[in-house]
Amino acid sequence: MTEDEKKRKFNTIGVYLTDDEILFLDHAADELHVSRHAILQLAVRHFIDQYKAGDATIETTEKTVIKKETGQ
């Protein structure tokens, strides 16, 4: 951990993954001799770097929200 990282405050967040995704991460972590946590940090930080550089693309779908009229 760098001195800069030691000075920053870190927070936790939850990520929903399928059982298969978790098993894959665990397998990769075992092969790389690192923790699942280390892989997730690397993946998130890589995405942030790519996004900041303007190189991140994510396919999205548009959702329509219909508000129900309430009789007042």
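How many helices and strands does the secondary structure of the protein chain come to? Let us start there and work through the predicted model in a few exercises.

**Exercise 1. Describe the overall build of the protein chain.**

Step 1. Count the elements: the chain has 3 helices and 0 strands.

Step 2. Put them in order. Read from the N terminus, the pattern is α-α-α.

Step 3. Check the spread. The radius of gyration is 19 Å, well over the 11 Å that the globule rule gives for 72 residues, so the chain is more spread out than a compact globule.

Step 4. Add the extents: along its principal axes, the C-alpha trace spans about 60 × 35 × 25 Å.

Step 5. Turn to burial. Of the 72 residues, 6% count as buried.

**Exercise 2. Work out where Glu3 and Glu69 sit, and how far each lies from a residue in helix H3 (36-52).**

Step 1. Place Glu3: this residue belongs to helix H1, which covers residues 3-7.

Step 2. Classify Glu3. Its relative accessible area is 53%, and exposed means over 50%, so Glu3 is exposed.

Step 3. Take the distance to Tyr51. Glu3 and Tyr51 are 48 residues apart along the chain, and their C-alpha atoms are separated by 25 Å.

Step 4. Place Glu69, which is in the segment after H3. Glu69 counts as exposed because its relative accessibility is 73%.

Step 5. Take the distance to Ile39. Here the separation along the chain is 30 residues, and the C-alpha atoms of Glu69 and Ile39 are 46 Å apart.

**Exercise 3. Compare two residues of helix H2: is each one buried or exposed, and how far is each from a partner later in the chain?**

Step 1. Begin with Ala29, which lies in H2. Buried means under 20% relative accessible area, so Ala29, at 4%, counts as buried.

Step 2. Find its partner. Ala29 and Ile39 are 10 residues apart in sequence, with 7.0 Å between their C-alpha atoms.

Step 3. Move on to Phe24, also found in helix H2. Phe24 is exposed because its relative accessible area is 58%.

Step 4. Find the partner of Phe24. From Phe24 to Arg36 there are 12 residues in sequence and 9.8 Å in space, C-alpha to C-alpha.

**Exercise 4. Look at the backbone between H2 and H3, and just after H3.**

Step 1. Go to the loop between H2 and H3, where His33 lies.

Step 2. Read its phi: His33 has a positive value of about 60 degrees although it is not a glycine. Most residues other than glycine have a negative phi.

Step 3. Check the surroundings of the side chain. With a relative accessible area of 72%, His33 is exposed.

Step 4. Follow the chain through H3, a helix of 17 residues. From its first C-alpha to its last, H3 reaches 24 Å, close to the 24 Å expected at 1.5 Å a residue.

Step 5. Stop just after H3, where Gly54 has a positive phi of about 80 degrees.

**Exercise 5. Find the aromatic pair and classify its geometry.**

Step 1. Recall what to look for: a pair of aromatic rings is described by the distance of the centres and the angle of the planes.

Step 2. Count the pairs; there is 1. Phe47 and Tyr51 form this pair, with 5.8 Å from centre to centre and 35 degrees between the planes.

Step 3. Classify it. Planes under 30 degrees apart count as stacked and over 60 as edge-to-face, and the pair of Phe47 and Tyr51 is tilted.

Step 4. Locate both rings. Phe47 and Tyr51 lie in helix H3, 4 residues apart, about one turn of the helix.

Step 5. Compare their accessibility. Phe47 counts as partly exposed because its value is 36%, whereas Tyr51, at 58%, counts as exposed.

**Exercise 6. Characterise the largest pocket.**

Step 1. State its volume, about 620 Å³.

Step 2. Find the residues around it. The lining has 17 residues, and Ile13, His37, Leu40, Gln41 and Val44 lie nearest the centre of the pocket.

Step 3. Trace the lining to helices. Helix H2 (19-32) and helix H3 (36-52) each supply at least two residues, and H3 gives the largest share, with 8 residues.

Step 4. Sort the lining by class: 10 residues are nonpolar, 4 are polar and 3 are charged.

Notes
Residues numbered from 1 in each chain as written. Predicted model: local features only at pLDDT ≥ 70, side-chain atom pairs only at ≥ 80, totals over all residues. Heavy atoms only, no water. 1 Å grid on protein atoms, 1.4 Å probe; cavity = no way out; pocket = protein on both sides within 12 Å on 5 of 7 lines; lining within 4 Å. Points joined across faces, edges and corners; volume = space filled by probe spheres on them. Nonpolar A, V, L, I, M, F, W, Y, C, P; charged D, E, K, R; others polar. Phe/Tyr/Trp six-rings, centres within 6.5 Å; stacked < 30°, edge-to-face > 60°. Buried < 20%, exposed > 50% of the residue type's maximum accessible area, 1.4 Å probe, protein only. Expected span 1.5 Å × (residues − 1). Rg over C-alpha atoms; globule rule 2.2 N^0.38 Å.
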